[in-house]
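Colleague: Got a few minutes to go through this model with me? I have a handful of quick questions.
Modeller: Sure, let me bring it up.

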Amino acid sequence: MYNKFYKPQKSRGQRIKVFCTCLACFLLGAALMGVLMQVRMEAVLSQYQNEARVQIEKAKSAMEEANLALLAVRNNAQINLETAQNNAAAEPKRVNEYEDEPVAAIAAACKPGIVGVTSQIKQSTYNSGNYSSDIFEYYRRMFPGIFGGMEDPFAAEPDNGSEPNYIDYAFGSGVIIDAEMGYIITNHHVIDGGEKINITLFDDTVIEAEVIGSDEYSDVALLKLVDVPAELVQIKIGDSTNVTVGEMAVAIGNPLGIELIGTVTMGVISATDRDIELSDGRIMRTIQTDAAINSGNSGGALINSNGELIGITTLKMSTSAYSSSSVEGLGFAIPINEAMLIAQEIQTNGRVIRPTLGISSEDITADEARRMNLVAGVRVRSITQGSSADGALEVMDIITKWNGEDITGRSQLQSKLNRAKIGDNVTLTVWRNGNIVEVAIELKHNAL
């Protein structure tokens, strides 16, 4: 009997055929997918290769530019080296020349900045008997074969109505501190009383100078060349507060006069703050050196190992206040920091105006203070009416401190005054009748 729900079964061959067909389709699809993936990978790879080639080309271009720049630098360096070698061959190497001779190097660098200063007066003035000659004139007259023969500068000449005849009466040294303006610093005692000042430069050129101002107390004077040559050389200014005992010192000046201009002597710094009391009672704070300083060195340069000006040579110690003979190895110079301050004030005001206390005084030493049951310091002997001290200090007060700093003697007190200015307010600590009191003082300018 026929059943309508009956489905004839497929034969095994048919099933294999269907399976093979499906497998073939799958493999074909896989192959097509592989081909597509390969095409895509080749496209991406080609893109990366192109980008890499571009970067390589850029790198090559940059390297070529760098090579060109390096070549240019090498060429410039070679040109500069050749130029330097040519310049070195044309000019001596100062550093190498004096490598083992520091004093020679200092002398070569500094001597052009040191000058000779000749102070002159009219012969008629000299013949009046008001002036005495510099010691060098004595040597020139006594030893003409050594110091150069010359006619007697003191012989009177007839007055024929012509220009006055000037004669040399003082010789000294000076230091160029401003080559552009022609400023020269020297000692007050070198030009004091001079009616005409001549400056002898390193190359023997003689130029007249005018006196801008002079300060007797500090022994500093400021000169200015009337005609300033273009080749003028100034010395390098140092710092005298950095000077130490035992370091090398070189003095350059004109001992005994212009004929020995630029004489160099060497020594060491013996003391940095040496107070020297002069015959007129002035107290100078100086740098002490054993470098040879003689008549004519006054106003010259004291130089450190760096070729820097640290002092203006000013005096040499004598055996006593009553003798003109000298002792060896005791020369003194004004510290350049103080000298420059004085010179600057002279340049500004034409003179130096210092404050004073307006007292006469005496030192009370520690030994005296113990014996008399007092304190060490400066005792007031008298007070000038209207002076800085008037109304603030009393006679017999003993000044022991200045703005809190100990005062043990008049030299310290005067040093404080020298560094102060008109109008400054200071506090003095004084011992008064067994009590310590502080007094405020406004500094004025009054004669002591």
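Colleague: Which residue takes a positive phi in the hairpin of β5 and β6?
Modeller: That's D219, with a phi near 60 degrees. The hairpin has 4 residues between its strands. Keep in mind that this is a predicted model.

Colleague: How many bridges join β5 to β6?
Modeller: There are 6, and the two strands run antiparallel. To pick out one pair, E210 has K224 in β6 as its bridge partner. Strand β6 itself covers residues 220-225.

Colleague: And on the other side, in what sense do β4 and β5 pair?
Modeller: They pair in the antiparallel sense, over 4 bridges. Here I197 is matched with A209 in β5. β4 and β5 also form a hairpin, with 5 residues between them.

Colleague: Which residue in that turn has a positive phi?
Modeller: D204, at about 75 degrees. D204 is not a glycine, and its loop connects β4 (196-200) with β5 (206-215). Most residues other than glycine have a negative phi.

Colleague: Is D204 buried or exposed?
Modeller: D204 counts as exposed, because its relative accessibility is 56%.

Colleague: Let's look at another non-glycine with positive phi. What is the phi of N403?
Modeller: Near 50 degrees. N403 is in the loop between β15 and β16 (405-406). With a relative accessible area of 45%, N403 is partly exposed.

Colleague: OK, moving along the chain. How many bridges join β7 to β8?
Modeller: 6 bridges, with the strands antiparallel. β7 spans residues 248-253 and β8 spans residues 263-277. You can find G253 opposite T263 in β8.

Colleague: What about β8 and β9, how many bridges there?
Modeller: Again 6 bridges, and that pair is antiparallel too. β9 is made of residues 283-289. In this pairing I269 stands opposite T289 in β9, so β8 has partners in both β7 and β9.Colleague: Which elements do the buried residues of α10 pack against?
Modeller: They pack against β9, β14 (377-383) and β15 (398-402). The helix covers residues 410-419, and its buried residues are L413, Q414, S415 and L417.

Colleague: Switching to the other end. Which residues make the nonpolar surface patch?
Modeller: F19, L23, F26 and L27 make it, and the patch is about 440 Å². F19 is found in helix α1, which runs over residues 12-90.

Colleague: Is F19 buried or exposed?
Modeller: F19 counts as exposed, because its relative accessibility is 54%.

Colleague: How many disulfides does the structure hold?
Modeller: The structure holds 0 disulfides.

Colleague: Why is there no bond between C22 and C25?
Modeller: The closest cysteine sulfur to that of C22 is in C25, at 6.4 Å, which is too far for a bond. The cut-off for a disulfide is 2.5 Å between the sulfur atoms. As for its surroundings, C25 counts as exposed, with 52% relative accessibility.

Colleague: Now something about long-range neighbours. How far apart in space are T241 and I336?
Modeller: Their C-alpha atoms are 9.0 Å apart, while the two residues are 95 residues apart in sequence. T241 lies in the loop between β6 and β7. At 60% relative accessibility, T241 counts as exposed.

Colleague: And for the chain as a whole, what share of the contacts comes from residues 24 or more positions apart?
Modeller: 62%, taken over the contacts with a separation of 6 or more.

Colleague: How many helices and strands does the chain have?
Modeller: 10 helices and 18 strands. The chain has 448 residues, of which 36% count as buried.

Colleague: Last one: how much surface does the chain expose?
Modeller: About 26400 Å², with carbon and sulfur atoms supplying 52% of it.

Colleague: Great, thanks for the tour!

Conventions:
Residues are numbered from 1 along each chain as its sequence is written. This is a predicted model: local features need pLDDT of at least 70, side-chain atom pairs count only at pLDDT 80 or more; totals for chains, interfaces and linings use all residues. Side-chain values use heavy atoms; hydrogens and water are left out. Two strands pair if DSSP finds at least two bridges between them. Patches are made of residues with over 30% relative accessible area and no salt bridge: like charges are joined within 9 Å, nonpolar side chains (Val, Leu, Ile, Met, Phe, Trp, Tyr) within 5 Å. Accessible areas come from the Shrake-Rupley method with a 1.4 Å probe; for residues, only the protein chains shown count as cover. A salt bridge is a side-chain nitrogen of Lys or Arg within 4 Å of a carboxyl oxygen of Asp or Glu. Buried means under 20% relative accessible area, exposed over 50%, partly exposed in between (1.4 Å probe, protein chains only). Contact means heavy atoms within 4.5 Å.
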